[in-house]
Structures are given as C-alpha cells and as structure tokens.
Amino acid sequence: MHKHLTLSVFLVVLLGISIGCNNRASDEQIQKDIQAKAAADAETKDSDVTVASKKGKVTLSGKVRTPAAQQKLEQIAREEPGAAEVDDQTSIEPDATQAVQAPPPAPAAPPVEKPKPQPIVVPAGTALTVRLGQALSSKTSQPGQTFLATLAQPVSVEGRTAIPAGATVSGTVVNAKAKGKFKCEGELTLALTNVTVKGHTYSIQTQTLENTVKGKGKRTAATTGGGAAGGALIGGLAGGGKGAGIGALVGAGAGLMGGAMTGNKQIEIPAESALSFQLSAPLTLPPGQ
C-alpha cells in the first residue's frame, strides 16, 4: 500500500512539470511575437532590429530611428509572455530626412573695391620756379636751342607733392636777338617744354618769358645784380606785359646781368639763375607720382 502511494505522488509531480513546460512559450515563438508587434506598431515599424531569445532572455539589437521608438520596442519585449529578461542593445540613428541640417554657409561678402587712385592735375597758372643749368644770352643763344634746368621749389596739389624739387626740366629758346648799337633792340624769349618726374618725362606748356632791351639810352627792363643776397623778380617787359617776367633767386655769382643798362650790353642770364614760369595748360600726372 505504501509503495502504491509513493508511485502516485511521483506521477503527479512529473505530470505538473510536463504541463508547466508545455505552457511556457518557446524562444522561437517569443522572437516571432515581438517582431510582429514591432512591425505593426507605428512608432517602431521603421526600425531595423533583430530579436533573439534564449531561455526567456530577450536580446534586442540593431538601429532605431528615434528615442521614442527605442523605448516602445523595449516595452513590447518586456510585455511579451514568456520573456523573463530584456537586454536592449539597440542604437539610435536618425533618418537622413530627420537629421538636423547645418544651415548653409552665408554667401561670401563681395570684395570691397578700393577706390581707384586718381591722377594728379597741376592746374594752369601754377608757377614753376627753375634754376638754369647753363647761361643764356641774347647774343649767343639761338632760337630753338634747348636748355636744361632743375625745379628750385616743389609743386604741390591739395597738400601732396606733385613735382618734387630737383626734378629735371627742359626748355627752349623761343627767340634770341642781339642788341645793336643804336636802334636795334635785344631780345631773349624762353619757355619750358618738358618735366621729368620719377623717370617719366611729360610735355608741359608755359607762358613765355620775354625780356627786351632797347637801343642806347632807353631802359625797358629791370635788372638784378649778381652778388646781392635774397631774391628779386624782373618785370616791366617790353610790349607792356608780354610773358610773365624773369625772376632770380640771387646767390653768390647768380643773377640777371646787364639786362637793360645803357650802352651795348646784352641780355645775359648766368647759370644757376632762378626763373619763374607759369603753366598755360594743366599738367596731368598719373596716380602715385
């Protein structure tokens, strides 16, 4: 009797274990259920995940679109019957259309154009005071003869030096006529023709400087002595204002000699004499001069 009771109890326990095993969902079924629910859910249907189950431990791996999809997928796995544990190894990878796009770079600002340098215009009427490089005479100089000089004083335009002192200037003897003993008058007329600035030569137009000396006993032009200090201007030109006058920055041995003295002296302008001419037309120099 005792043996029969023991055998009955063993059979009941064995039957309960068998029923319990049959009621527990298989790992394969757990995987299929979670995948099906994830595919049907609007939040997780676009997720690329893999579901694995081993003895009720569910492992989720792959990529989801959003943090909300990740949470929803884990919730589906935990609520699955037979799932004893959930290991969520998914990562979030935003869709290209949902990714935060960097704003396009701002268009480059157009380059600021520097103002183009303007040419320098020396106006008509500007005085050019030059120092002769050679002596000139109504007796020995010839019409058309070229002479050289240097600018004695700089020329400025609007506060900028347009032509520096020392610039080379060339001119021409417009007319030269020796004075006779009696009625024939002596004449010496000069004009500037070119100026060289920083290696470039420019044509210029100036009023002529004309000095005339009459026959014996008549004084028609003022003179300056050779040894005086300071400066002087020769005016009173023949014809009541032909030309602009001849000036001299008088130094040792410099000056206008003999100009209209009585007797047969000629118009003599020694080397190093300073003469003042006026531009009769504007002089245009390129920028940067």
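**Exercise 1. The β1–β2 hairpin**

Determine how many residues lie between β1 and β2 in their hairpin, and which residue in the turn has a positive phi.

*Solution.* In this predicted model, the hairpin formed by β1 and β2 has two residues between its strands. In the turn, K55 has a positive phi of about 55 degrees. The next step is to examine the pairing: β1 covers residues 48–54 and β2 covers residues 57–64, and the two run antiparallel over seven bridges. As one example of register, V49 has G62 in β2 as its bridge partner.

**Exercise 2. The other neighbour of β2**

State in which sense, parallel or antiparallel, β2 pairs with β3, and identify the bridge partner of T59.

*Solution.* Strand β3 spans residues 85–88 and pairs with β2 in the parallel sense, over four bridges. The bridge partner of T59 is D87 in β3. Strand β2 is thus to be read with two partners: antiparallel with β1 and parallel with β3.

**Exercise 3. The partners of β8**

Trace the pairing of β8 with β6 and with β11, giving the sense and the number of bridges for each.

*Solution.* Begin with β6 (residues 127–132), which pairs with β8 (residues 146–151) in the antiparallel sense over three bridges. Here V130 is placed opposite L151 of β8. Proceed to β11 (residues 168–177), whose pairing with β8 is also antiparallel, over five bridges. In this case T146 is found opposite T172 of β11.

**Exercise 4. The packing of α2 on α3**

Describe the geometry of the α2 and α3 packing, then classify the residues in contact.

*Solution.* Helix α2 comprises residues 27–40 and helix α3 residues 67–78; they pack at an angle of about 145 degrees, and their axes are 9 Å apart. The crossing is right-handed. From α2, the residues I34, K37 and A38 meet L73, I76 and A77 of α3. Sorted by class, this contact contains five nonpolar residues, one charged residue and no polar residues.

**Exercise 5. The nonpolar cores**

Identify the residues with the most contacts inside the largest nonpolar core, and the strand that gives the most to this core.

*Solution.* The largest nonpolar core has 32 residues, and I163, L190, V195 and L283 have the most contacts inside it. Strand β12 (residues 186–197) gives the most to this core, contributing five residues. Consider V195 in detail: beyond residues up to four places away in sequence, V195 touches I163, A167, T168, V169, H200, T201, Y202, I204 and L283. A second core, separate from this one, has 14 residues, including L60, L73, A83 and V86. Of these, L73 has already appeared in the contact of α3 with α2.

Definitions and conventions:
Residues numbered from 1 in each chain as written. Predicted model: local features only at pLDDT ≥ 70, side-chain atom pairs only at ≥ 80, totals over all residues. Heavy atoms only, no water. Axes fitted to C-alpha atoms, helices over the stretch in contact; angles between N-to-C directions. Left-handed = near helix turned anticlockwise from the far one by under 90°. Contact = heavy atoms within 4.5 Å. Nonpolar A, V, L, I, M, F, W, Y, C, P; charged D, E, K, R; others polar. Core = buried A, V, L, I, M, F, W, Y, C linked by side-chain atoms within 4.5 Å. Buried < 20%, exposed > 50% of the residue type's maximum accessible area, 1.4 Å probe, protein only. Pairing = 2+ DSSP bridges.
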